[in-house]
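Below are some notes on the fold and on one of the pockets, set out as numbered points. Please read them with the structure open.

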Amino acid sequence: MTSPSEHMREALSLAKKGLLTTRPNPMVGCVITLDNKVIGRGWHQKAGEGHAEVNAIQNVFENLGSSAESALENSEMFVTLEPCSTTGRTPPCSESIKRYGIKKVYIASEDISQDGFAKKEKDIEIIEGLLRDEARELNRGFFSRLEKNRPFIIAKMAVGLDGGIALNSGKSKWITSEISRKDVHKLRASNEAILTGTGTILKDNPSLTSRDSGYDINDVKQPLRVVIDRNNYLNGEENIFSSKAETLVFTTKHSKIKSKSSEICIMSKNDLADLNNIMSYLAEEKSINTLMVESGSILLDALLAQELIDELILYHAPKLLGKDRNTFSKFGQNNQKLSTIGFTIGDMENLGEDLKITLTPK
C-alpha cells in the first residue's frame with residue numbers, strides 16, 4: 001500500500017518540472033488519489049497558466065472521462081504548497097477543490113502570501129506539514145523573498161587548492177575543468193538573477209549568460225544581470241550590457257553609463273554599501289527568488305560580513321596558483337569577523353578532476 005508520504009514525494013517530483021518556467025511563482029506539484037491509487041497528476045508549468053491543483057483535476061477528467069466527477073468526490077489530494085485562495089492571474093485553486101468536492105487535502109507547506117486555506121475551509125479535512133522540509137527546500141527562494149524580503153543568495157567561486165582564484169597577472173582565466181564550467185552554466189540557468197561587482201567586469205569583462213546548461217533552450221530564461229557600481233567605473237559598453245540578457249545596475253547619480261538597453265537604479269554611496277537595500281529592491285521590485293553571486297573577494301566579503309550568503313558553492317580544482325595568486329576571500333585581513341565564520345558541508349560531487357562542494361554558513 002502506498003503511503004501518504006510516497007504520494008507527496010511524487011508531487012514534489014512533479015513540482016521540479018517547473019524549475020525554469022514558473023518564476024517568479026513557486027514550483028508546485030499535485031497528485032490526486034482514489035482508494036490509494038493515483039487518478040490525476042499535475043504541476044504548475046508556467047507563470048500565468050494553470051496551477052498544479054487545477055491541472056491535476058483536469059488530468060483526472062482526461063483519465064476517467066464521465067466518471068471523473070464522482071471519483072473526485074471521494075478522492076484525496078496531495079499538494080506541495082498551500083492552495084491559493086486569492087485571485088491573481090488565475091482563479092483561486094481553492095474554488096476548484098471545493099467545486100469538485102475533494103474530501104481530504106494533504107499540504108506539504110504553508111504559503112503566507114495566501115489567506116489561509118486550512119483555516120477557511122472547514123468542510124475539507126486538511127492535513128498540513130507532510131514533507132514540509134523538503135517542500136520548503138524546493139522553493140527556498142520563494143520563501144526567502146516572502147519571509148526575509150530578499151532572494152535566497154548563492155555565492156559561487158572557482159578556487160585552487162591554495163584558495164587562489166586567479167593570478168595577479170590575469171593569465172589564469174580558467175582554473176576549473178570544462179565539466180565544472182558547464183555546471184556553472186546550469187547553475188546560472190536555474191537562478192533568476194546573477195550579481196557581480198565592477199572589479200570582475202573590469203578584469204574579465206564577462207557576459208554572465210547561460211549558454212551551455214544542458215536544459216532545453218526553449219525553457220531557459222536568461223537571468224537578470226545585476227551590477228553594483230558604487231564608484232562609477234562602468235561606461236555601458238562592457239559585455240554585461242549586451243542584448244543577450246537584461247541588466248540592472250545599482251549606481252550613483254554620477255554614473256557614466258549611457259547604455260539604453262539596461263535599467264539604472266540610483267542610490268547614494270552609503271545606501272549601496274548596505275547590501276540589504278539592494279536585496280530588498282530585488283525582492284520587492286523585481287520579484288527575484290534566487291540570486292547567484294559571481295564576483296571577486298570584495299563583494300563576497302561584504303555579503304558574508306552582512307550575513308547575506310545562504311549557500312556557498314566551491315568548484316575546487318587540483319591546482320596550486322602560488323604566491324602571486326588572488327584569493328577568493330580576504331578572511332582576517334579586512335574584517336576580523338570573517339575569520340570566524342564556519343560552514344556546514346551539504347554536498348560533495350566529483351566533476352571530472354574537480355570537486356564541487358556545497359556549503360551553508362553556520
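1. One residue pair is a convenient place to start: Ile-32 stands opposite Met-77 in β3. Keep in mind throughout that this is a predicted model.

2. The strands concerned are β1, residues 29-34, and β3, residues 76-81. They run antiparallel and are joined by four bridges. As general background, strands of a sheet pair through backbone hydrogen bonds, in either a parallel or an antiparallel manner.

3. Both strands belong to an open sheet of five, with the order β2-β1-β3-β4-β5 and mixed pairing. At the edges stand β2 (37-43) and β5 (125-128); each has a single partner strand, so one side of each is left without a neighbour in the sheet. From one strand to the next, the twist averages 15 degrees.

4. Helix α1, residues 4-15, lies across β1, β2, β3 and β4 (104-109). Relative to β1, helix α1 runs at about 145 degrees.

5. Turning to the second largest pocket, about 970 Å³ of space lies in it. Its lining comprises 34 residues, and those nearest the centre are Leu-19, Met-27, Glu-137, Leu-138 and Arg-140.

6. Which elements give two or more residues to this lining? Helix α1 is one of them, along with the helices α6 (132-138), α7 (140-148) and α8 (178-189). The strands β13 (311-316), β15 (343-351) and β16 (354-361) also do so.

7. How do the lining residues of the second largest pocket divide into nonpolar, polar and charged? There are 10 nonpolar, 11 polar and 13 charged residues.

How values were computed:
Residues are numbered from 1 along each chain as its sequence is written. This is a predicted model: local features need pLDDT of at least 70, side-chain atom pairs count only at pLDDT 80 or more; totals for chains, interfaces and linings use all residues. Side-chain values use heavy atoms; hydrogens and water are left out. Two strands pair if DSSP finds at least two bridges between them. Axes are lines fitted to C-alpha atoms, for helices over the stretch in contact, and angles run from 0 to 180 degrees between N-to-C directions. Contact means heavy atoms within 4.5 Å. On a 1 Å grid over the protein atoms alone, a cavity is a set of points where a 1.4 Å probe fits but cannot get out, and a pocket is an open set with protein on both sides within 12 Å along at least five of seven lines; lining residues have an atom within 4 Å of a point. Grid points are joined across faces, edges and corners, and a volume is the space filled by probe spheres set on the points. Ala, Val, Leu, Ile, Met, Phe, Trp, Tyr, Cys and Pro count as nonpolar, Asp, Glu, Lys and Arg as charged, and the others, Gly among them, as polar.
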